[in-house]
Structures are given as structure tokens and as C-alpha cells.
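The following report describes the strands, sheets, domains and ligand surroundings of a single model. It is intended to be read beside the sequence and the coordinates.

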Amino acid sequence: MAAGPDTVAMVIAEPVQNGRGALVPPEGYWRELRRICDAYGVLLCADEVINSFGRLGHWFGSERFGAEPDMITFAKGVTSAYQPLGGLVVRGPLVDRLWDSPLAMYVHGSTFGGHPVATAVAVANMTAMRDEDVFGRVLANENLLGDGLRALMESHACVKDVRGTGYFHSVELMRDRARGVDLNDSEVAELLPGGVLDRLVRAARVLVRPDGRGAVMLAVSPPLVADESVIDDLLGRLDQVLDRLGGWLKTST
Ligand SMILES: Cc1ncc(COP(=O)(O)O)c(C=O)c1O
């Protein structure tokens with residue numbers, strides 16, 4: 001705000017932020033973003049490239065957090081990645097302003113924009129999500145996942161924090177929670193990227209993503225169709241990874 005609100009066109013935020021590991025906003029955060037944007041005539045955009053189409057158990061993460069953005073960007077889950085597609089939802093009055101402008105169009109070309117195959121896949125995917133109650137499954141099992149991860153934190157001193165909601169969680173790692181010791185620079189360098197943590201994850205044959213951006217973390221985002229047995233299996237394999245990480249940390253000093 002030092003530059004003045006008149007220099008700000010738009011605020012863009014994720015309902016649950018991926019960068020730094022599944023950061024869930026505090027109560028009232030999105031309401032306050034809306035209030036500030038309205039006060040200064042600034043547009044508010046929810047980046048839902050990750051959060052939408054069931055990742056948080058709803059069509060859009062904004063629903064879950066009572067967010068009222070002017071625009072929503074989406075991609076990945078809209079086709080469950082069976083075809084590449086991204087898009088933008090825009091409030092009607094803003095679209096009207098565009099239609100009523102001298103150009104009367106949105107001037108942004110994209111070679112394959114609006115491709116009928118990708119959009120047909122999106123429709124088929126959304127239909128399956130609706131008919132198979134995929135979001136109901138996420139909402140029914142999200143606590144199994146979250147509680148399971150928190151239980152792993154209790155049993156592994158190398159877990160610093162567990163965050164997330166829906167099927168979108170992050171496990172942040174440290175050297176020793178009981179003694180309050182973080183990973184040192186050389187340990188971080190050995191763990192990531194392409195290091196010890198990647199090897200431990202691969203050995204446990206589990207698809208969780210080691211992430212070293214800002215902290216050492218494991219991104220835990222199971223497929224939306226994962227049922228209780230898949231979540232149990234995931235937690236068991238993660239337990240192995242953390243066990244072996246604990247062992248490695250003991251020998252790394
Ligand atoms: C939260 C978020 N926003 C935006 C993007 C960029 O999306 P795209 O690659 O469709 O431009 C990504 C890509 O991973 C993302 O995770």
C-alpha cells in the first residue's frame with residue numbers, strides 16, 4: 001500500500017495457498033480481503049488452479065471460505081488432467097463492461113483457446129464428479145486424512161506441522177520437534193531436490209511431493225476418488241517415509 005491503492009488493479013490469492021504448504025486462512029480472512037478491495041475499488045481474484053473442482057470438497061474453494069471474488073481462475077482439476085484446460089470465471093457486470101467497451105471483446109489470443117476436445121472432456125469430467133458424488137467422498141474422508149497426518153506428527157519428532165483441508169495437506173519437516181531444532185542448511189541440501197527425501201518417498205512407492213520452497217515439506221494431495229482404504233494405505237506409507245527420515249537424521253550428525 002506504500003505505492004497507493006490507485007496503483008493496485010487487483011488482488012489475487014488462493015483460498016488455501018499452495019506456496020509454503022497448504023496454508024489455510026484464518027476465519028474472516030476472505031471477508032476482510034473483500035472489504036479492503038471494495039473500500040479501494042480494487043478487483044479481487046481467487047486463484048483456484050489447485051483449489052477448485054473438488055480438491056477442497058467443493059466445486060470452488062471460495063465456497064468453503066465464504067469468499068466472494070470478482071474472478072476465479074481454474075485449471076488442473078476441471079478435466080482431472082485428462083486434457084489440458086484452464087479458464088476464468090468472471091462476474092456478469094465485469095463481462096458487461098467488456099461487451100460495452102469500444103472493442104467489445106477480450107483481446108487475448110491463444111492458439112488452442114476454447115478447444116472443443118478439452119472442453120468436452122471438462123464437461124464429461126464434471127458430470128462424473130457430480131454423478132459419482134466425488135466431493136461427498138472428499139468431505140467424508142478429509143478428517144481421516146487430516147487426523148491421520150496429525151497422528152503421524154505425534155509419533156514422529158521430525159514432523160514440525162501438519163496443515164490443510166479437504167484432500168490438500170502439507171507435512172512440514174524439521175530435525176527434532178521435542179528439542180525445537182530445525183533442519184540445518186546441509187541437511188536441507190541433502191534432502192532436496194533429488195536427494196534423500198525423494199529416494200525415501202520413491203522407496204515407499206507413494207505419490208507425495210517433496211517440496212523445498214521455503215521449508216522442507218511433503219505435499220499430500222490424494223486423488224479425489226481415494227476411499228478409506230487408499231487413505232489408510234497412504235498414511236501407512238508416509239509412516240515408513242517418516243520412520244526412515246528419522247533414522248537418517250539420527251545418522252546425519
Ligand atoms: C495455484 C496456481 N496458480 C497458477 C498456476 C499456473 O497455472 P497455469 O500453468 O495453468 O498457467 C499454478 C500452476 O501450477 C498454480 O499451482
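## Strand β3 and its sheet

Strand β3 (residues 71-74) has I72 and F74 on its covered face, whereas M71 and T73 lie on the uncovered one. In a regular strand, side chains alternate between the two faces of the sheet. Strands and helices are DSSP runs numbered from the N terminus, with at least two residues (E) for a strand and at least four (H or I) for a helix. The model is a predicted one, in which local features need pLDDT of at least 70 and side-chain atom pairs count only at pLDDT 80 or more, while totals for chains, interfaces and linings use all residues. Residue numbers start from 1 along each chain as its sequence is written.

Strand β3 belongs to an open sheet of four strands, ordered β1-β2-β3-β4, with mixed pairing. Strands β1 (10-13) and β4 occupy the edges with a single partner strand each, so one side of each has no neighbour in the sheet. From one strand to the next, the twist averages 20 degrees. Two strands are taken to pair if DSSP finds at least two bridges between them. Strand β2 (residues 43-47) pairs with β3 in the parallel sense, and C45 has M71 in β3 as its bridge partner. On β4, T73 faces L88, and I72 has V89 as its bridge partner.

Helix α1 (residues 29-40) packs on this sheet and touches β1 and β2; its direction makes about 145 degrees with that of β2. Such angles run from 0 to 180 degrees between N-to-C directions, the axes being lines fitted to C-alpha atoms, for helices over the stretch in contact.

The bridge counts for three strand pairs are as follows.

| Strand pair | Sense | Bridges |
|---|---|---|
| β2 and β3 | parallel | three |
| β3 and β4 (residues 87-90) | antiparallel | four |
| β7 and β8 (residues 217-220) | antiparallel | three |

## The antiparallel sheet

Another open sheet has four strands in the order β5-β6-β8-β7, and its pairing is antiparallel. Its edges are β5 (159-165) and β7 (209-211), each of which has a single partner strand, so one side of each is left without a neighbour in the sheet. Neighbouring strands are turned by 20 degrees against each other on average, direction ignored. Between β7 and β8, P210 stands opposite L218. Helix α5 (residues 134-155) packs on the sheet and touches β5, β6 (168-173) and β8, with its direction at about 170 degrees to that of β5.

Within strand β8 lies A219. A219 counts as partly exposed because it has 18 C-beta neighbours inside 10 Å; 20 or more would make a residue buried and 12 or fewer exposed, with C-beta atoms placed from the backbone. Although 49 residues separate A219 from S170 in sequence, their C-alpha atoms are 4.6 Å apart. Leaving out residues up to four places away in sequence, A219 touches G21, S170, V208, R209 and D211. Contact here requires C-beta atoms, placed from the backbone, to lie within 7 Å.

## Domains and ligand

The domain assignment divides the protein chain into domain 1 (5-131) and domain 2 (134-251); such bounds come from an automatic or database assignment. Their centres, taken over C-alpha atoms, are 28 Å apart. Contacts link 13 residues of domain 1 with 21 residues of domain 2. The side of domain 1 that touches domain 2 has six nonpolar, five polar and two charged residues.

Around the ligand are E14, N18, D47, V49, I50, A75 and G86, a residue being near a molecule if its C-beta atom, placed from the backbone, lies within 6 Å of it. This shell comprises three nonpolar, two polar and two charged residues. Ala, Val, Leu, Ile, Met, Phe, Trp, Tyr, Cys and Pro count as nonpolar, Asp, Glu, Lys and Arg as charged, and the others, Gly among them, as polar.

How values were computed: Two residues are in contact if their C-beta atoms, placed from the backbone, lie within 7 Å.
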